Structure formats: C-alpha cells, structure tokens
Amino acid sequence: MSTLTMEIHNHVAEITLQSPPANALSTHILQDLSKELDKVENDASVKAILLKGEGRFFSAGADIKEFTTLQGADDYKSLSSKGQQLFQRIENFHVPVIASIHGAALGGGLELAMACHIRYAAEDAKLGLPEINLGIIPGFAGTQRLPRYVGAAKAYEMILTGVPITGQEAAAAGLVNKSFSAEEVHEEASRLAAAIAEKSGPTIHHVMNLVPMTHNPQFGEGNRAEAEAFGDVFGKEDAKEGIQAFIEKRKPDFKH
Ligand SMILES: C/C=C/C(=O)SCCNC(=O)CCNC(=O)[C@H](O)C(C)(C)COP(=O)(O)OP(=O)(O)OC[C@H]1O[C@@H](n2cnc3c(N)ncnc32)[C@H](O)[C@@H]1OP(=O)(O)O
C-alpha cells in the first residue's frame, strides 16, 4: 500500500504524505520517502522538493501504535538511528526541501520538518516535541535540531513540557520561516518552490553544499547520544505506560 505520492512538474517534486489518519511516520512510510529521494537523485531536472501532508495534519510523528511491536534495546535504538539517518540525508540533499505544515507537526513530524531547509506553516498549526508525554524523548534528532532554531531555553521548555506552539509562534521563534492562514500555506509554499526552481541548478547545488558546513561539527555525536538515550528510556516502565496510555486515550501515570 502506498503511503505517499510524488509528482514532478516544472522542476519541482511535490511529495505528499498520505497515511491517514495522522500521517504517522511508520517504518513503511519512512522507507517509501527514502525511495522517492532515490528517484529525485536520479532525475537531474528536479531543482526543489515540496513536502506536505494530506488530511488533517502534516504528520503527528512516529507511529506510536507500531512502537508496541518493537522488542528490546536494539530495536529501539535502531528505530531512532534509522530515522536520524534519513533526516540527515534530507538535510544534506542536493536540492532544497520545503516543508508546508498544516494541522500538526509533532514529534517525528516536526523532526522531519526541521530536517527540511525551509518551513512554511499554517498560523494555527501545532508544532512540538510531545514525546515526554509518552515517557520517552525525541529520537529523530529533535534534541539536536530544535535548539539550533529556537535557542536552548525555548528548546528545553518545548521538550520538557511537550506543549506545542502555533505556526504563528513558530515563525516568531525562528522555527519556521513564515506563517500563513491554513488556506494559503500550501499555495505559498508551492509558489516559493516554483521561484527557487527557476534559478540555475548548479548554483542551487553549491548553496545546498555550503550552508550545511556551518552546522555544529558535534551534531553526529549528539545524534549517537540521542539514539542511545532513546533506546534507554524506551525500555523502561514509564515508556510502556506512556505509550499504552496514548493508545487507550488516557492520561499516563508515570511511576518514576
Ligand atoms: C522518534 C520519534 C518519536 C515520536 O515521534 S513519538 C510520537 C510523537 N507524537 C505525538 O505524541 C502526537 C500524538 N498525537 C496527538 O497528540 C494527537 O493525536 C493529535 C494532536 C495529532 C490530534 O489530536 P486529535 O485531533 O484529538 O485526534 P486523535 O483522535 O488524537 O488522533 C486521530 C487519530 O490519529 C491517531 N494518531 C495520532 N497521532 C498518532 C501517532 N503519532 N501514531 C499513531 N497514531 C496516531 C490517533 O490514535 C487517532 O486514531 P484513531 O482515530 O484510530 O483513534
């Protein structure tokens, strides 16, 4: 079953996540996304990618229901590492990826958006890292990328409370480039992608190669530590309680 679509027009590849109800980032959808990136890599005509979600949300994060199928520390750590690697591939991609966010970008959904190069959001969208409410921590490089955009103090607040901010607040905080009404956001993002795609391909490739050189050289180390910590918390009683509570639609009762 297909979890996303990709259409290429006028040098722009438009990828739409299509995994109702929440565009949760299951192993399957992440594999499909990787395959679409392979196709773009083999199509020299593409100069920009527009990434959005179908339905109510951009993406509500990793597939919490799939979490219950994981067994043991190696599985937990591997889930985190694989997501980190895919998102790192996006961040290092040779053409810009523009995320158009409506509804919600939560957990892995926000981590995916943060790996993109430019983010437009609907003013009323919810953006956050709510993993703490599940008794776990962000695992797709959220602890490493969020402080880059919003500074350490705001990142601590968002990660430790799990409370999302709106698209409008995200624009003020530097987490997204701009916010628009929910009706306008996809059109505006599409217009931006089209404007970039009119530029010269080789110049785009140089920019995409140069800007990542400004990133923290310890980013890889931070990711490895995050995956370790994700594996550690995932195996604990509080994580089992948090995940089960989400599935049963109740408040978690953390013991530790
Ligand atoms: C390494 C990465 C780790 C992670 O990313 S962990 C996951 C982090 N994300 C979250 O914790 C977000 C969880 N979801 C929510 O908070 C809420 O949902 C929303 C705010 C997105 C929407 O709330 P509302 O409008 O009240 O709808 P609803 O009934 O809660 O959700 C609609 C359906 O979507 C499913 N769903 C939502 N998020 C996920 C998810 N992340 N994984 C799997 N399913 C999800 C629900 O269960 C439900 O489904 P049904 O209609 O069958 O009851």
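**Core, sheets and domains of the predicted model**

The largest nonpolar core of this predicted model has 71 residues. Ile 49, Ile 101, Leu 127 and Leu 175 have the most contacts inside this core. A nonpolar core is a set of buried Ala, Val, Leu, Ile, Met, Phe, Trp, Tyr and Cys residues joined through side-chain atoms within 4.5 Å. Buried means under 20% relative accessible area, exposed over 50%, and partly exposed in between (1.4 Å probe, protein chains only). Helix 8 (residues 185–197) contributes the largest share of the core, six residues. Helices (H or I, at least four residues) and strands (E, at least two) are DSSP runs, numbered from the N terminus. The core draws at least three residues from each of domain 1 (4–197) and domain 2 (199–248). In soluble globular proteins, nonpolar side chains tend to be buried together.

Residues are numbered from 1 along each chain as its sequence is written. Local features need pLDDT of at least 70 in this predicted model, and side-chain atom pairs count only at pLDDT 80 or more, whereas totals for chains, interfaces and linings use all residues; side-chain values use heavy atoms, with hydrogens and water left out.

Ile 49 illustrates the surroundings of one core residue. Its contacts (heavy atoms within 4.5 Å) were listed without residues up to four places away in sequence. Ile 49 touches Ala 13, Ile 15, Leu 37, Val 40, Phe 93, Val 95, Pro 96, Val 97 and Ile 98.

The protein chain is divided into domain 1 (4–197) and domain 2 (199–248). These bounds come from an automatic or database domain assignment. The C-alpha centres of the two domains lie 11 Å apart. At the contact between them, 37 residues of domain 1 meet 26 residues of domain 2.

Six strands form an open sheet with mixed pairing, in the order 1-2-3-4-6-9. Two strands pair if DSSP finds at least two bridges between them. Strand 1 (4–9) and strand 9 (178–180) stand at the edges, each with a single partner strand, so one side of each lacks a neighbour in the sheet. Neighbouring strands are turned by 20 degrees against each other on average, direction ignored. Axes are lines fitted to C-alpha atoms, for helices over the stretch in contact, and angles run from 0 to 180 degrees between N-to-C directions.

At one edge, strand 1 and strand 2 run antiparallel and are joined by six bridges. Leu 4 stands opposite Leu 17 in strand 2. The hairpin of these strands has two residues between them, and Asn 10 takes a positive phi near 50 degrees there. His 9 belongs to strand 1. His 9 counts as exposed, at 52% relative accessibility. From His 9 to Ser 45 the C-alpha distance is 9.6 Å, although the two are 36 residues apart in sequence. At the other edge, strand 6 (residues 118–122) pairs with strand 9 in the parallel sense over three bridges. Tyr 120 has Lys 178 of strand 9 as its bridge partner.

A second open sheet has three strands in the order 5-7-8, again with mixed pairing. Its edges are strand 5 (104–106) and strand 8 (165–166). Each has a single partner strand, so one side of each is left without a neighbour. Strand 7 (residues 126–128) and strand 8 are antiparallel, with two bridges. Leu 127 stands opposite Ile 165 in strand 8. Helix 4 (residues 108–115) packs on this sheet and touches strand 5 and strand 7. The direction of helix 4 makes about 95 degrees with that of strand 5.

Helix 3 (residues 73–91) has 19 residues. From first C-alpha to last it reaches 27 Å, close to the 27 Å expected at 1.5 Å a residue. The expected span is 1.5 Å times one less than the number of residues. Its buried residues include Tyr 76, Leu 79, Leu 86, Phe 87 and Ile 90. Polar names also appear in the list, among them Gln 84 and Glu 91. The buried residues of helix 3 pack against helix 1, helix 2 (64–67), strand 4 (97–101), helix 4, helix 5 (142–150) and helix 10 (219–234).

Backbone exceptions follow. A cis peptide bond joins Pro 20 and Pro 21, with omega about 5 degrees. Pro 21 is found in the loop between strand 2 (12–17) and helix 1 (27–41). Asn 23 lies in that loop between strand 2 and helix 1. Phi of Asn 23 is positive, near 50 degrees, and the residue counts as buried at 1% relative accessibility. Lys 249, in the segment after helix 11 (237–247), has a positive phi near 55 degrees. Lys 249 counts as exposed, at 78% relative accessibility.
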